[in-house]
Amino acid sequence: MFRFVLRRLLLMIPTLWVIATLTFVLVRLAPGGPFMSEKEIPKAAKAELLHRYGLDRPLHEQYVTFLGNAARFDFGPSYKYPDREVREILLQGFAVSAELGGWALLVAVLFGVPMGVIAAMRQNRAADFAAMTFALAGVSVPNFVLGPLLVLVFSLTLLWLPAALWTSPASRVLPVIALSVGYVAYIARLTRAGMLEVLQQDFVRTARAKGLTERGVVVGHALQLGILPVVSYLGPAAARIVMGSIVIEQIFAVPGLGRYLVVGALNRDYTLVLGVVLFYAAFLMLLNLIVDLAYQRLDPRVELS
Amino acid sequence: MSIGIAPPGSVVAAPRPARSLWSDAWRRLRRNRMAVAAGWFLGALALTAALAPWLPGLADPTTQDLAKGATAPSLQHAFGTDELGRDLFSRVLHGGRISLLVGLVGTLVSLIIGVTWGAIAGYVGGKVDDLMMRVVDVLYALPYIFLVILLLVFFSKSLVMLFVALGLVQWLTMARIVRGQVLSLKHQTFVEAARALGASDAAILFRHIVPNTLGPVIVYTTLTVPAVILQEAFLSFLGLGVQPPNASWGTLVSDGARAIALFPWLVVFPGLAMSLTLLAFNFLGDGLRDALDPKGRRDSH
Amino acid sequence: MRTPILVALSSAILLLGCSPELARGPEVNGRRYFGSLAAPGGQILRFNLGTEPELRDPGAMSGQPDGRFARLVFEGLTTNDPRTLEPMPAQARAWELSSDGLTYTFHLRSGLVWSDGTPITAHDFAWSWRRVLDPATAARNASLMYPIAGAEAFNKGESHDPASVAIATPDDSTLVVTLVQPTAYFLFLTTYYAFMPVPRHVVERFGTRWTLPQHLVGNGAFKWTYWRQNDRYEFEPSPSYWDRANVKLERIVAYTIDDLNTCTNLYKSGAIDWNPSGYIPSSYLGYMKPYADYRTGRYQGLFFYSFNCTRPPFDNVWVRRALAHAVDREAIARDLLKGSRDAWGNLVPSGYPGYESPSPMRYDVAYARECLTRAGYPGGKGFPKTSILFNTSEDGRRIAEAIQAMWKRDLGIDVELANQEWGSYLQATRALQYDIARRSWIGDYLDPNTFLHLLTSDDGNNRCGWKHPRYDALINEAERTLDPARRFAVLAEAESLAIDQAPYLPLYHYSTIELVKPWVRGLYSNALDVHPLKHVWIDHQWREHEPLAAEQER
């Protein structure tokens, strides 16, 4: 177990190195640079800025410096917001994104799993049909359609909830709903499929034969294996939901992390982009590791290798 | 923003499907009324969209009438008009052309790369497999929106680039699925038999093994099309999608979403068209999965 | 079974959205408002500051949101009258101008202190100004100080001696500035953020990080109390400000929201009291005129297209003339922009007293066709493939589409649209890698030269490759001309030449377009979109006072 974790952590290093290098090369190849604006910055000022951030040195030197800094999780100051370290920007944004994503995932699991279980237990009956209708519709309505519709109905017409911002508890409701609906739907589908498969297996039949109630069978035996697909989905989903809720952040003015990925790349804010990409990659890999560990816990048939 | 596609584990390996298995699957699919309806819907939609430029009585989607901008749905304009006075019904149909094209071509790109990559990795195995899968891991860990932005920054934003960009970020899961299939198939007796008969590796892989992975590939492909359509719409929301005067459902929806308090029809109709299409693809994909995967089929107990 | 649900939901939303009541908004005293009318208690102002400021160092920054921050927390020698923009005494209580118009002597107020209690002296101003000019500061707006003798040479690195800049401090409360030539707008300049003092003791201690909330020290009417990036700034009155007694607001919450739709929704639902200019989606504009909380006025800025004069076919003046005269800017302003902006065929915006604009570029299809024929493309035949470059934006795209359609209709020319994201777009215009590009320019100071200088051969912002010796000569001549009337005449001649040669294709005059709740008093539209919030207060009895004529007219 310990050796497994250690090995996986060590394997992350070369992967992260490749990602860092790839990102570095790609952003540097992109046309334009960080100090461009509609109004030309005076030549002397621009030269000074390039010098200040070491951008006037040969590219390979910059690369070595960057790798050394990245290894210490220190990407230097953002070019766009020079009084802040990229690290500070990332952590502040991450705190908000993690809260938004955490709520959304919680909602997704709390609603999605029971929906899937009920659908599986009532296969081909009305409840199944209703749950799967919702699930398919939820997957099919993009959140940038859903978000504005929710605002239109609940904020602008009914005046029940704030139209945006991340301040009061009430302001969290709409972005969390808009973000989680797709995930609720998808988790419901996964749970249903997983449960259907498990419910046909021998040990479940045995449990039934022993006279357990259907509820007892599901809660006591089947659920643990039936939600395995959900568990393996949760890793990448958590990474995406935390890092990639760009649309929701924009519609609801949530000061999260996702925007920096886009804004950083578009502004050629090299340090910020490299920081976000590496942060995302490391976060995703860590989550996948956690998922694998959880998987092993839930399914005794799986061995860690 | 995208909701993930079925994880590799959820597509259960089809054992070497015999001819009767395919006809079985076809029979099962035809019995699934929703999947059939979805298939008809998609067929009709694709046909209408493909023929849109030649349909009689359909307004030109680019003809502007600035004085009649943003009018609500009426008899003259079933879906209303946009800010430039263009007929929204016509724009939704023409947008469907682009969106479906983007979805299909993007999927095709991902299919070609993903199947080839996964098949080779799984078949060759060893160090090559390790390396190829590590590449997939790296690309998986890169935020795809970042990749897409850079691709679009490097290459001018032509439609072709958009296809490639979307395809390039979609092939990873396909590669994993195919690799898993190939791994489980390559030691089966029919493969050994072909090898004993002296077939070359390429022939074994692409004539004998890959055709046997078709079931999961078809299912996953059906689910990739809506995913690509969604991705394109997401890019359009960020202003990076299809460029004017072309419009996809994505650009129509995201433009409409910006005026929702005043002209809701601009988001409702393209959004509806897009959602229904995605829904149909998902129904079809589900139906195919049920049909091609006897274990999970609906009439199994 | 699934489809009906979606259809029902959509129809419900459609009905909601189309319902006239929603779009109409509340009514008070016979006047209709766009936004909800529930005022918050107390003297609190909530508004959208705009895109997150990049720099909070007034000496180095540029841009509207950054400037809004600076004007709250810092104060220069002079400040603007909130309505007329006329320079008024601020940190300086009085000043004298020498008879030759070259030397300003400013007298500081007594007892001025930074928000941490450190006294402010004339040396702080001298140090801050020299810091702006120091190339090491990389100040974006250093050129605004070029009217000061020695400033340009020092900033460009031609002189390395800070003392060569003609700023003197005979005593702690006196600042003497010598100019290169009489500059009518110098007291306007000293209201700009580049001229605001910065706390030397803090800057030297914390370096670039002095502008973080835990370090920053200001001398303005407000103190910065809270910050979360891409969320909001909060301010309270600064107790050490010299005019504290006249500051009425007790709290300011400035959100940093860059999505136009989001902040307009917030205004409509009553979460903010002021949505400033530039943050209302263009699709709304045509429907806003009837509302009492909608305000608009002219702004010193120009939206134009630029032809790449180094590339065929645009190196041919007849091609440029043909395309320039086939654009119906009135239709764009009226229909596409719904009258929210004024069509403008000149290169210099309005609002410079004494400057007489030459005759503008017209919409004249017959003439345009004739030009195209003279250029060798009768009826558009054989016209090479070209494209319009614009940056990814809602309005930019609509306008490009409209112009594309006009050229097709009137000239038979097909142009493509090329949309690039901001960084690539800037790079392409700088490097002249485009055919036709969308451009805009906001004036730096109140003088036509801030626009006309763009087209001189060596201006870094020319970005169209147009070089015209006679034009350069005229601009040069104007700079050397001291008589204001004569100078304006020369500038007008230059503008007329540029309109005739058409390297730029002016389209519309910028406007300030904002939404302000009726209880916000002391906030006025003006040509520079500058709003000193020191004078703003919340009128809880606004229903009795409405309509307040003074604030409705600009």
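Thr264(C) counts as buried, because its relative accessibility is 1%, and in this predicted model the residue is found in helix α8 of chain C, which covers residues 260-269. A polar atom of the Thr264(C) side chain lies 3.1 Å from the backbone oxygen of Tyr279(C). Tyr279(C) is also among the residues in contact with Thr264(C) once neighbours within four places in sequence are left aside, the others being Phe34(C), Asn275(C), Ile280(C), Pro281(C), Tyr284(C) and Leu515(C).

Helix α4 of chain B offers a second local view. The 16 residues of this helix, 126-141, should span 22 Å at 1.5 Å a residue, and the end C-alpha atoms are indeed 22 Å apart, so the expected and modelled spans agree. Its buried residues are Asp129(B), Met132(B), Met133(B), Val136(B), Val138(B) and Ala141(B). The cover over these buried residues includes α3 (88-124) and α6 (159-185) of chain B, together with α1 (2-29) and α13 (270-298) of chain A. Within the same helix α4 of chain B, Arg134(B) and Asp137(B) are 3 residues apart, which means that about one helical turn separates them. Arg134(B) counts as partly exposed at 32% relative accessibility, and Asp137(B) is likewise partly exposed, at 29%.

The Arg134(B) pair is one of the salt bridges set out below, from a total of 40 found over all chains.

| Salt bridge | N to O distance |
|---|---|
| Arg134(B) and Asp137(B) | 3.5 Å |
| Glu27(C) and Arg32(C) | 2.9 Å |
| Lys408(C) and Asp414(C) | 3.5 Å |
| Glu54(C) and Lys80(A) | 3.3 Å |

In chain C, Glu27(C) is partly exposed at 49%; Lys408(C) is partly exposed at 45%, whereas Asp414(C) counts as exposed at 52%. Salt bridges that share partners also join Arg228(C), Asp231(C), Arg232(C), Glu234(C) and Arg251(C) into one network.

Between chain A and chain C, 51 residues of chain A are in contact with 55 residues of chain C. The area buried between these two chains is about 4800 Å², and carbon and sulfur atoms give 57% of it. The interface holds 4 salt bridges, and 14 residue pairs are in polar contact across it, both residues being at pLDDT 80 or more. On the side of chain A that touches chain C, two or more residues come from each of α2 (43-52), α4 (86-121), α5 (126-140), α6 (143-157), α11 (246-252) and α12 (258-267) of chain A. Helix α6(A) gives the most to this side, with 7 residues. By class, the side of chain A that touches chain C has 30 nonpolar, 8 polar and 13 charged residues.

Notes. Residues numbered from 1 in each chain as written. Chains lettered and ligands numbered in written order. Predicted model: local features only at pLDDT ≥ 70, side-chain atom pairs only at ≥ 80, totals over all residues. Heavy atoms only, no water. Helix = DSSP H or I, 4+ residues; strand = E, 2+ residues; numbered from the N terminus. Expected span 1.5 Å × (residues − 1). Buried < 20%, exposed > 50% of the residue type's maximum accessible area, 1.4 Å probe, protein only. Contact = heavy atoms within 4.5 Å. Buried area = accessible area lost by both parts, 1.4 Å probe. Salt bridge = Lys/Arg side-chain N within 4 Å of Asp/Glu carboxyl O. Polar contact = N/O pair within 3.5 Å; in protein donor to acceptor, adjacent residues only side chain to side chain. Nonpolar A, V, L, I, M, F, W, Y, C, P; charged D, E, K, R; others polar.
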